[in-house]
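This briefing is meant for someone meeting the structure for the first time. It begins with the chain as a whole and then turns to a few chosen places within it.

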Amino acid sequence: MRDLIGEFATHYVTDLEKQLDSGNGQPSIQNPVLFLFLGDKCVEALQAVCAMNKQSWKNGNGVLYVHAYQEETWEHPQVLGCRLPRPEASKQTMRASIYERFVQGESYKMELNKALKLASVRVAEMGKLFTTFQQVNIAVVTRADDPAAILLPELTLLLKSYLTELFKNVSVDLYVLLQEKNNGEAFGFSAALSVSFLEEIKRYQRNDFSFSENLLVTEDLVKLPVEHRNAPLFSLVYLLSDKTEHGLFLEAGMQENCELISKLVLLNNKKAESEFIENSEGYNKLQFIRSITVDTGQTTFASAGLSKVKRPTHAIAVTVLSAVFDRYLERLKAGENLPKTKAREKLGLTAHDLERKVRAVMPEDHKLNEMTGLMTSGVSYSELSSMNLREAELALFDGSSQTFFETNVARGARNRVESLALQESLAGLIQREWIDEERLGLYAAYQLTAEQANGANLLEELRTGIRETTRQLEYAKAELEELYQQRVDRQEIRVGGFFTRDKERVRTFIRHLLQAIYSKKFDLLEWELTLELLLQLEKQVEKIHREIGAKVEELEGLQRQLREIAQKSVREASDYLGKNMDEYYETVVTETIRSLEAQRGSGFYLESRYIGNGSLLFQNGIAGLVERLCQFCATEILTRSPFALSFEAELLARANVVAAYENRTVLTKEDLFQDLSLVLEERAAVHIEVFHFLQKHRYEEKYLFADIRNDFVQYVLRSADRTRTYKQGCIHEEQKSGIEKMNLMGGFGMEDLMFYRNNKKYHASYEESGFVFHRRGGDESS
């Protein structure tokens with residue numbers, strides 16, 4: 001059941017976001033972008049960034065990805081793979097050996113040149129998807145602890161050289177993923193590898209960094225130099241850790257950093273703002289680079305943090321599902337309770353109905369006449385006259401009369417009563433006349449069959465009938481017993497005079513005996529059958545009540561589960577997104593159903609083409625009901641205009657929900673905006689931890705990715721305008737399903753980095769122990 005509800009909510013989220021974000025909600029990058037993922041440890045990041053770009057950018061299909069790998073890669077139409085040399089098995093020389101094998105292996109260089117040349121051509125072929133074709137941006141992504149990162153300058157500059165042949169301007173940015181959260185396995189070696197890479201990056205970013213190596217190889221093995229003179233290798237270097245500047249680990253560090261990479265690449269390659277927006281400053285990459293560059297000449301780096309709030313569509317879906325089910329259950333419970341007389345008539349259980357049913361199974365009276373033909377003993381009337389009727393019957397028939405009655409009258413009638421109970425199932429009758437009946441329903445049937453019920457109480461009626469029938473039966477048995485005790489010679493029968501033969505007297509007495517005794521037994525049998533029928537009906541009603549009760553428990557259990565799932569989903573949407581959820585959607589669902597009822601009739605959703613009535617539970621079980629409920633909500637409720645609001649509109653609607661004054665949990669619009677703003681800022685903490693980072697070196701910029709016209713964005717821009725010490729703006733996107741905030745921070749050096757300071761000791765100790773991390777036999781800097 002939970003799976004059905006989860007699937008329903010997920011489909012709603014996907015469908016609505018496609019609807020809201022189609023067209024206007026997706027931004028585009030202005031110029032071509034080529035991603036270079038370096039190392040096997042980047043496979044997951046490659047997959048995640050590719051998926052995010054494709055989903056988020058209109059022209060995401062025009063972005064190409066190159067993966068330089070050793071053993072593991074990912075096959076995808078937009079991914080070009082190029083194999084690097086495998087490292088040595090020894091950890092001591094693993095990193096350095098990759099560089100040595102690359103330098104010495106001509107085949108690797110040849111294949112690499114082919115792959116990167118092909119990549120540059122494919123980027124050029126996709127030019128029609130971008131508004132500016134004079135510039136291309138290379139986004140290099142690697143893990144600091146990946147041994148293959150030792151080849152960073154070679155791959156970056158070779159790729160840049162090919163792109164320079166096709167584009168006037170080629171810029172290169174580096175995104176370094178740092179993994180600080182370690183499960184304890186190989187943590188020292190991983191830290192030493194990372195520090196090695198960071199020290200190399202520090203050197204690559206010096207203003208006097210130069211590089212020259214014969215890397216460009218033609219198909220005829222002609223080699224050309226790839227050069228870089230007196231400038232940092234990258235325009236920007238972003239260090240992205242799985243720990244924030246507050247020292248807190250991120251729950252999904254890799255995933256969040258991949259989102260950051262996607263958003264940073266968009267920010268650095270977005271279209272220029274078309275118009276000036278009050279209180280909003282536009283992003284300028286060159287200005288940001290100048291602002292984070294310190295006068296001391298120290299190499300500086302940047303980092304970023306991203307927070308986002310989206311319309312809590314999943315929480316809305318299950319909250320609405322729960323609210324609709326509450327209305328449905330109310331309607332089931334509102335079934336009419338009939339008065340007992342009407343109920344007995346509807347079920348065919350009046351005294352007349354019961355008498356008719358019993359008479360229908362009783363044999364014809366002529367069966368008693370057949371008893372006169374029974375064989376008798378030779379006892380004389382004079383012998384009989386001194387006996388009572390029981391003794392006389394025994395003397396005459398020796399039990400054959402009782403056997404005849406039981407075999408030919410009573411047994412068949414009892415069998416027919418049992419068959420009657422099976423043929424005329426009370427369960428089927430209650431199903432048709434109560435559960436399937438719109439004005440009655442499941443709960444009315446539950447009340448009808450309950451021990452204590454309002455209105456008609458079927459069990460009480462049947463038990464009253466059982467008690468009355470039992471009394472009548474006992475009275476009839478007493479009468480029969482009294483009749484059996486009467487003496488033969490006291491019977492009012494004419495047995496003839498002195499000359500009447502004894503045989504005639506006996507025959508006359510036999511007719512009298514059988515008529516008197518067995519007509520009474522016939523009546524007694526009728527009471528027994530009536531009692532048996534009532535007892536069977538009582539068992540049926542008890543069983544029916546248990547079965548209906550189980551369905552009622554399932555319904556009420558489903559109501560509890562739906563509320564729990566909705567509340568859990570609201571909590572997961574975060575406090576600032578879950579406020580006023582119940583109050584608002586309770587009202588919206590009620591009004592929507594009221595409007596639909598006005599058009600289609602009261603309780604229309606109990607019809608089989610919608611949710612259906614309680615009989616659905618007996619046909620398809622609770623899962624069938626949940627499926628119908630989800631379908632009803634998806635087609636009849638969530639398609640209405642109140643449920644298709646944008647994030648901003650939905651947030652405002654909940655902020656302004658009418659609630660009782662004493663309900664302190666309901667927020668005003670101002671309170672909600674303030675909470676949302678604070679949480680967005682808190683969760684956008686940059687993904688790097690620095691130590692003694694001087695305030696004068698810290699440079700910050702903060703950007704919202706949202707529709708500049710919405711009230712919340714205007715609130716943020718106005719509220720921080722007077723006191724802020726950072727650059728702030730809004731990247732305008734007609735993005736209806738959420739708001740994102742990115743904090744950029746730069747100006748810190750390698751020594752300010754807590755990761756670097758904490759792990760230098762591992763790097764030094766490993767080198768003292770004979771480990772070689774850096775390239776040997778040459779230095780790429782001059």
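The points below are grouped by topic, from the overall chain to single residues. The model is predicted, and the values given here are computed from it. The chain has 782 residues, and its secondary structure consists of 26 helices and 12 strands.

**The chain as a whole**

- Of the 782 residues in the chain, 55% count as buried.
- When contacts between residues at least 6 apart in sequence are considered, 81% of them join residues that are at least 24 apart.
- The accessible surface of the chain comes to about 36,300 Å², and carbon and sulfur atoms account for 47% of that surface.

**The two annotated spans**

- The unreviewed UniProt entry carries the annotation "coiled-coil region" for residues 459-486 and for residues 534-568.
- In the predicted model, residues 459-486 are 96% helix and 0% strand, and the C-alpha atoms at the two ends of this span are 41 Å apart.
- Residues 534-568 are 100% helix and 0% strand, with their end C-alpha atoms lying 50 Å apart.

**Arg-775 and its partners**

- Arg-775 lies in the segment that follows α26, the helix spanning residues 754-768.
- The relative accessible area of Arg-775 is 9%, which is under the 20% cut-off, and therefore this residue counts as buried.
- The side chain of Arg-775 reaches the backbone oxygen of Ile-150 at 2.4 Å, and it also makes a polar contact with the side chain of Glu-154 at 2.6 Å.

**Aromatic rings**

- The structure holds 25 aromatic pairs, and one of them can be described in detail: the ring centres of Phe-604 and Tyr-610 are 5.1 Å apart and the ring planes stand at 85°, so this pair is edge-to-face.
- Both members of that pair, Phe-604 and Tyr-610, are buried.
- Elsewhere, ring pairs link Phe-189, Tyr-766, Phe-771 and Phe-773 into a cluster.

**Charges over rings**

- Phe-189, a member of the cluster just described, also has the charged end of Lys-91 sitting over its ring, at 4.5 Å from the ring centre.
- In another such arrangement, Arg-390 lies over the face of Tyr-484, at 4.2 Å from the centre of the ring.
- Tyr-484 falls within residues 459-486, one of the two spans that the UniProt record annotates as "coiled-coil region".

Note on methods
Residues numbered from 1 in each chain as written. Predicted model: local features only at pLDDT ≥ 70, side-chain atom pairs only at ≥ 80, totals over all residues. Heavy atoms only, no water. Helix = DSSP H or I, 4+ residues; strand = E, 2+ residues; numbered from the N terminus. Buried < 20%, exposed > 50% of the residue type's maximum accessible area, 1.4 Å probe, protein only. Contact = heavy atoms within 4.5 Å. Areas by Shrake-Rupley, 256 points an atom, 1.4 Å probe, with all protein chains shown as cover. Polar contact = N/O pair within 3.5 Å; in protein donor to acceptor, adjacent residues only side chain to side chain. Phe/Tyr/Trp six-rings, centres within 6.5 Å; stacked < 30°, edge-to-face > 60°. Lys NZ or Arg CZ within 6 Å of the ring centre and 35° of its normal. UniProt positions renumbered as here; feature names shortened; annotations may be inferred.
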